[in-house]
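Subject: Handover of a structure and notes on it

Dear colleague,

Please find the structure below, together with its sequence. I would be grateful if you could read the notes that follow with the model open beside you.

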Amino acid sequence: MATREELNAARLFVEKANRLLKSTFLKEAAVNMGWTLSGKKDEAVRIEHRGPRWENVEAFVLTFRFFIQDNESISIRNMAKVFSSDLATPGERRRFYEIRESLNKYLDGSSMFKEGARTASRREVMDVFIYGGMSHAKPKKKEKFDAWMRHVLLGPMTTTEFTTILSTVLSAIENTQRICVTLLYRYA
């Protein structure tokens with residue numbers, strides 16, 4: 001039988017996912033996200049980030065952290081407790097684990113940024129932005145975030161990469177939310 005804790009986690013997952021799916025960040029990201037490279041003869045090349053305004057990214061990340069921090073009952077990792085329980089059908093369980101595995105593979109994949117001979121993973125880009133520049137200031141991540149933002153090319157490019165990563169992770173959250181809605185319907 002499903003426990004109250006598991007049902008509450010599924011409900012909270014749906015609630016917080018809805019908040020992200022209705023966010024201004026998502027609306028702005030859908031319109032015109034990317035970066036523009038421009039320049040004129042005898043002038044420095046300029047690169048500009050296009051996409052969600054910074055305050056909307058920060059507002060989005062405030063809720064987004066529920067899904068990536070393991071001290072939250074609804075982190076993707078902790079949702080395995082819900083989907084390994086009898087609350088989920090075998091099909092729902094399988095679909096959740098497919099989503100989670102695909103998400104982890106994506107995050108562990110290479111970003112477009114090299115640091116020396118090493119390429120930063122998408123997870124590292126996400127962590128540097130969230131834990132070095134937005135919601136925390138862990139010293140090493142803050143140092144890296146500040147260096148990226150000071151760089152004329154890396155600042156806009158990593159910002160675009162970060163917003164793309166957020167959008168991709170949101171897709172996994174949305175797919176998981178759909179499963180939660182289905183299983184909650186059975187227990188309504």
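I begin with a single residue: E92 is buried, at 9% relative accessibility. Please keep in mind throughout that the model is a predicted one.

E92 has a salt-bridge partner, R186, and the closest N and O atoms of the two are 2.7 Å apart. E92 belongs to helix α5 and R186 to helix α8, so this pair ties together parts of the chain that lie 94 residues apart in sequence. R186 is partly exposed, with a relative accessible area of 39%. Here, then, a buried residue is joined to a partly exposed one.

Other salt bridges

The structure holds eleven salt bridges. Another of them brings together the side chains of K144 and E124, at 2.6 Å from N to O. Because K144 sits in helix α7 (residues 139-150) and E124 in helix α6 (residues 122-134), the pair ties together parts that are 20 residues apart in sequence. K144 counts as partly exposed, at 23% relative accessibility, whereas E124 is buried, with a relative accessible area of 17%. There is also a network: R94, R95 and E98 are joined into one by salt bridges that share partners.

A further salt bridge links the side chains of D70 and R77, with 2.7 Å between N and O. D70 is partly exposed, its relative accessibility being 37%, and R77 is exposed, at 56%.

A buried lysine without a salt bridge

Which residue is buried yet has no salt bridge? This is K16, for which the nearest side chain of opposite charge, that of E15, is 4.1 Å away. A salt bridge requires the nitrogen and the carboxyl oxygen to be within 4 Å, so the separation of 4.1 Å between K16 and E15 does not qualify. K16 lies in helix α1, which spans residues 4-21. Apart from its neighbours within four places in sequence, K16 has contacts with T63, F66, F67 and I74.

The protein as a whole

The protein contains eight helices and four strands. Read from the N terminus, these elements follow the order α-α-β-β-α-α-α-β-β-α-α-α. Along the principal axes, the C-alpha atoms fill a box of roughly 70 × 35 × 25 Å. Of the 188 residues in the protein, 43% are buried. Among the contacts with a separation of 6 or more, 63% are made by residues 24 or more positions apart.

How two of the helices meet

Two packed helices are described by the angle between their axes and the distance between the axes. For helix α3 (residues 54-64) and helix α8 (residues 154-186), the axes come within 12 Å and cross at roughly 40°. The crossing of α3 past α8 is left-handed. On the α3 side, the contact is made by W54, V57, F60, V61 and F64; on the α8 side, the residues are T159, F162, T163, L166, V169, L170 and I173. What kinds of residue make up this contact of α3 with α8? Ten are nonpolar and two are polar, while none is charged. You may wish to find these residues in the model and view them from both sides.

Helix α5 and the loop before it

R94, named above as part of the salt-bridge network, is found in helix α5 (residues 90-108). Is R94 buried or exposed? R94 is exposed, with a relative accessible area of 54%, because the threshold for that class is over 50%. From C-alpha to C-alpha, R94 and F25 are 30 Å apart in space, and 69 residues separate them in sequence.

S84 occupies the loop between α4 (79-83) and α5. At 48% relative accessibility, S84 counts as partly exposed. Leaving aside neighbours within four places in sequence, S84 is in contact with R93 and Y97. The C-alpha atoms of S84 and F96 are separated by 9.7 Å, the two residues being twelve apart along the chain.

With this, the structure is in your hands.

Yours sincerely,
A colleague

Conventions:
Residues are numbered from 1 along each chain as its sequence is written. This is a predicted model: local features need pLDDT of at least 70, side-chain atom pairs count only at pLDDT 80 or more; totals for chains, interfaces and linings use all residues. Side-chain values use heavy atoms; hydrogens and water are left out. Helices (H or I, at least four residues) and strands (E, at least two) are DSSP runs, numbered from the N terminus. Buried means under 20% relative accessible area, exposed over 50%, partly exposed in between (1.4 Å probe, protein chains only). Lys and Arg count as positive and Asp and Glu as negative; His and the chain ends are not counted. Contact means heavy atoms within 4.5 Å. Axes are lines fitted to C-alpha atoms, for helices over the stretch in contact, and angles run from 0 to 180 degrees between N-to-C directions. A crossing is left-handed if the near helix is turned anticlockwise from the far one by less than a right angle, and right-handed if clockwise. Ala, Val, Leu, Ile, Met, Phe, Trp, Tyr, Cys and Pro count as nonpolar, Asp, Glu, Lys and Arg as charged, and the others, Gly among them, as polar.
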